[in-house]
Amino acid sequence: MADEVLRVEGLHKHYGPLHVLRGIDLTVRRGEAVVILGASGSGKSTLLRCLNFLEMPGAGRIHLEGRLVGREARDGRIRYPNRELSALRMRVGMVFQQFNLFPHMTAERNVMIGPMKLRGLSEAEARRVAAANLEKVGILEKARSYPAQLSGGQQQRVAIARALAMEPSMMLFDEVTSALDPELVGEVLLAMRQLREDGMTMLIVTHELGFAYNVADRVVFMEHGVIHEEGTPQQVLLNPQRPRTRDFLRSHTLFRLPEQMHDDPPGPFALTTREQG
């Protein structure tokens, strides 16, 4: 357990009568990249939002680096003090579909603001942190540009750099390429793959199956708020055992299941599986 960054036990979430998460158990180890797949409405994004406490879990326990998040009350429910959640969000970075950059600030300033306000860094220190993280995602040359001067892919890389500047223990990515034009997807996935190679612990919701195959240590397939199938990319993507997983994969025309490959060797999949043209 020493290498566990995240452990989730029996996580539930309701929206009124709608039971979105139905008892999620999940562990993410240090340096591991875990990709979550599933159809719309399966609970993927809700899970990530509960892990960063943008949504409050209804039941269950979340442990971060070996410590329970929140405090257990006498009735057995977990209470989450605001101060503790603020500290947690500094340790668990999250990048969303939309970039949410401050339009009146340069890329550099967007990355600097968090370390200055929340980590207490001086302006000079924050500028060094911003430069290091913009370089890490391959966009340092755009440091003085404003969001309106950047492409969607560039804006998303600034958003990733902004999250990295808080020096998180792990990163959550929620469909970060879904709002991008197809030609811009690859540059964001390449930046994420570099983070993977640098050893960042990552939990990634995506529909990019080629990326999942090439980058993930483990793939989790969710259906109706539960983990339906889990394993290595080779196990889940090339040899799925559950019929629903197989149906989901068949819907992605550029990702062939073994029976669709005939005698051709599968070979490495492309980084992105979006259909071209």
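These are my notebook entries on one helix pair and on the pairing of strand β1 in a predicted model.

**Entry 1, the helix pair.** I looked up how helix α4, which spans residues 123-136, lies against helix α5, which spans residues 152-164, and found that their axes come within 9 Å and cross at roughly 130°. I therefore noted α4 as oblique to α5, since angles over 145 would be needed for roughly antiparallel and 65 to 115 for roughly perpendicular. As to handedness, I recorded the crossing of α4 and α5 as right-handed.

**Entry 2, the residues between the helices.** I then asked which residues of α4 meet which residues of α5. On the α4 side I listed Asn133, Leu134 and Lys136, and on the α5 side Val158, Ala161 and Leu164. Sorted by class, the contact of α4 with α5 comprises 4 nonpolar residues, 1 polar and 1 charged.

**Entry 3, the hairpin.** Turning to the strands, I found β1 (residues 4-15) and β2 (residues 18-29) running antiparallel and joined by 9 bridges. To fix the register I took Glu4, whose bridge partner in β2 is Arg29. The two strands, β1 and β2, form a hairpin with 2 residues between them, and in the turn I noted that Gly16 has a positive phi of about 60°.

**Entry 4, the other pairing of β1.** I also looked up β1 against strand β4, residues 59-64, and counted 5 bridges in the antiparallel sense. Here I wrote down Glu9, which stands opposite Arg61 in β4. Strand β1 thus appears in my notes as paired with β2 and with β4.

Conventions
Residues numbered from 1 in each chain as written. Predicted model: local features only at pLDDT ≥ 70, side-chain atom pairs only at ≥ 80, totals over all residues. Heavy atoms only, no water. Axes fitted to C-alpha atoms, helices over the stretch in contact; angles between N-to-C directions. Parallel < 35°, antiparallel > 145°, perpendicular 65-115°, else oblique. Left-handed = near helix turned anticlockwise from the far one by under 90°. Contact = heavy atoms within 4.5 Å. Nonpolar A, V, L, I, M, F, W, Y, C, P; charged D, E, K, R; others polar. Pairing = 2+ DSSP bridges.
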